[in-house]
Amino acid sequence: MNKEFFISNRRKISEKLHNGSILILFAGQAPYKSADETYKFTPNRNFYYLTGIDESKVILMIIKDEDKIIEHLFIQESDPVMEKWVGKTISANEANEISGLTDVKYIKDFNDTVGSYLSRINVENIYLDLERQEFKMASTEAQDFAKKMLDKYPYIRIKNIYHEIALLRTVKSKEEVELITKAIEVTNTGILSMMKNAKPGMMEYEIEAYFDFELKRNGIKDFAFPTIAAAGANGTILHYGENNSKTADGDLLLLDLGAQYKYYNADISRTFPINGKFTERQKAIYNIVLKANEEVMKAVKPGVTTLDLQKTAKAVLSEGCKAIGLIKEDSEIDRYYYHGVAHPLGLDTHDVGPRGIELRPGMIITDEPGLYIEEEKIGIRIEDDILVTEDGYVNLSKNIIKSVEEIENYMKN
């Protein structure tokens, strides 16, 4: 990503700050997993969105005073001993080249720098990313810092910048669309490998391994989320993640998966028969879901909401299920379809932004209707990633096969 992207993002968020304010964002650090082992580090996405820096412990500071903007980045100081164990940390020149930030200091100077600004200028507000997904979550570094600031400077107002950054992130730049498209392309390669190598009697995780290999082979470092490879009745569990059941002849395999490329995610669902051939019943149900997928896609345009798309999905699924005798009344569809049809996609798989927001050009959403019939051991979901344009949409995942004929023809070759 060009550093101009991050410079532009910082400029836009700086416009949202009141005069007499300091914005502080933390990259974060990997929590401990067990003993001296940590989880893999991944940067706070809002920090990354404003800097492009992919390194732990780094801190961004933006000061707005009398409409003048001052920016600082705080990085780790070089440690020759640790470099022999874990490699070098980012240098000031490297940080500047990535982010466009010219004033780069060391983390050891952070507290003194904050204190200096608070003593020299009339700072009234400290903006932090105070995102909290649920009440019982552990405190973040930003939340702990907020407590310390209020203790030492009780006159300061703490403000949450999370929602302002989230709104910016809802509309993707051309470069962001290209990264997501790349993630989708690699995801497609993995799906095709799974379809080509799947055979009855294989374990779900054996089939999953073909996806993992293709991502590694294409230089992908991480997944958008843990892969779902659910055979038979497992496909009726929305977030099934064990992937440790044995597949049987006649099973469908529901896939929900995605590559993550430079922190931008694909989110794709496909469903195919393990033996390469749909039964007539499977085909009938599959085509209902496929029709819902296509009708939802056609409805995507600026001004529409994801709630509108959900109504479209439920109407098509209800009509199809009544036609095959699965339900008698529209209200019964909730028994077999029990999730939303769309969510934003970007730096997070379930990306930030208000739910139910009106679609605007540049947004990317998923289109993922499904039917889950536990008594028949049939779970089907078909998911594409859709870019909203000025007059409609572009299906970014259009090259991933999904019709009954395409799947059967590919699997028999």
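This is a short talk about a sheet, a nonpolar core and a few buried residues in one protein chain.

Hi everyone. Before we start, please keep in mind that we are looking at a predicted model.

Let's begin with the sheet. Six strands come together here as an open sheet, and their order across it is 6-5-4-1-7-8. The pairing is mixed. At the edges sit strand 6, residues 104–106, and strand 8, residues 157–160, and each of them pairs on one side only. From one strand to the next, the twist averages 25 degrees.

Now let's walk through one part of that sheet. Strand 4 covers residues 59–65, and 7 bridges join it to strand 5. These two strands run antiparallel. They form a hairpin, with 2 residues between them. Have a look at E66 in that turn: its phi is positive, about 50 degrees.

On to the next pair. Strand 5, residues 68–75, is joined to strand 6 by 3 bridges, and here the strands run parallel. So which residue in strand 6 is the bridge partner of F74? That would be K105. F74 also serves as the bridge partner of I59, so to speak a residue with a hand out to strand 4 and another to strand 6. Right beside it in the listing, I75 stands opposite Y106 of strand 6. A handy rule while you look at this: in a regular strand, side chains alternate between the two faces of the sheet.

Let's move to the core. The largest nonpolar core has 94 residues, and those touching the most other members are L23, L73, L309 and L371. Helix 8, residues 174–197, gives the largest share, 9 residues. A second core of 20 residues lies apart from it, and among its members are V114, I126, L128 and F145. As background, nonpolar side chains in soluble globular proteins tend to be buried together.

L73 is worth a stop. What does L73 touch, beyond its neighbours within four places in sequence? Its contacts include F47, T51, I53, V58 and I59, and also A95, L101 and K105.

Next, two residues that are buried without being part of that nonpolar list. The first is N46, which has its place in helix 2, residues 45–51. Is N46 buried or exposed? It counts as buried, because its relative accessibility is 2% and the cut-off for buried is under 20%. Setting aside residues up to four places away, N46 touches L25, D129, Y162, I165 and R169.

The second is Q143, in helix 6, residues 141–152. Q143 is buried too, with a relative accessible area of 10%. Beyond its close sequence neighbours, within four places, Q143 is in contact with L130, E131, R132 and A138. With R132 there is a polar contact between the two side chains, at 2.9 Å.

Let's finish with helix 7, residues 162–170. Its buried residues are Y162, I165, A166, R169 and T170. Why do we say that they line one face of the helix? Seen down the axis of helix 7, they fall within an arc of 145 degrees, so they line one face. The general idea is that an α-helix has 3.6 residues a turn, so residues three or four places apart point the same way. And what covers the buried residues of helix 7? The cover includes helix 1, strand 1, helix 2, strand 7, strand 8 and strand 15. Remember that N46 in helix 2 touches Y162, I165 and R169.

Thanks for listening!

Terms used
Residues numbered from 1 in each chain as written. Predicted model: local features only at pLDDT ≥ 70, side-chain atom pairs only at ≥ 80, totals over all residues. Heavy atoms only, no water. Pairing = 2+ DSSP bridges. Helix = DSSP H or I, 4+ residues; strand = E, 2+ residues; numbered from the N terminus. Axes fitted to C-alpha atoms, helices over the stretch in contact; angles between N-to-C directions. Core = buried A, V, L, I, M, F, W, Y, C linked by side-chain atoms within 4.5 Å. Buried < 20%, exposed > 50% of the residue type's maximum accessible area, 1.4 Å probe, protein only. Contact = heavy atoms within 4.5 Å. Polar contact = N/O pair within 3.5 Å; in protein donor to acceptor, adjacent residues only side chain to side chain. Arc of directions from axis to C-beta.
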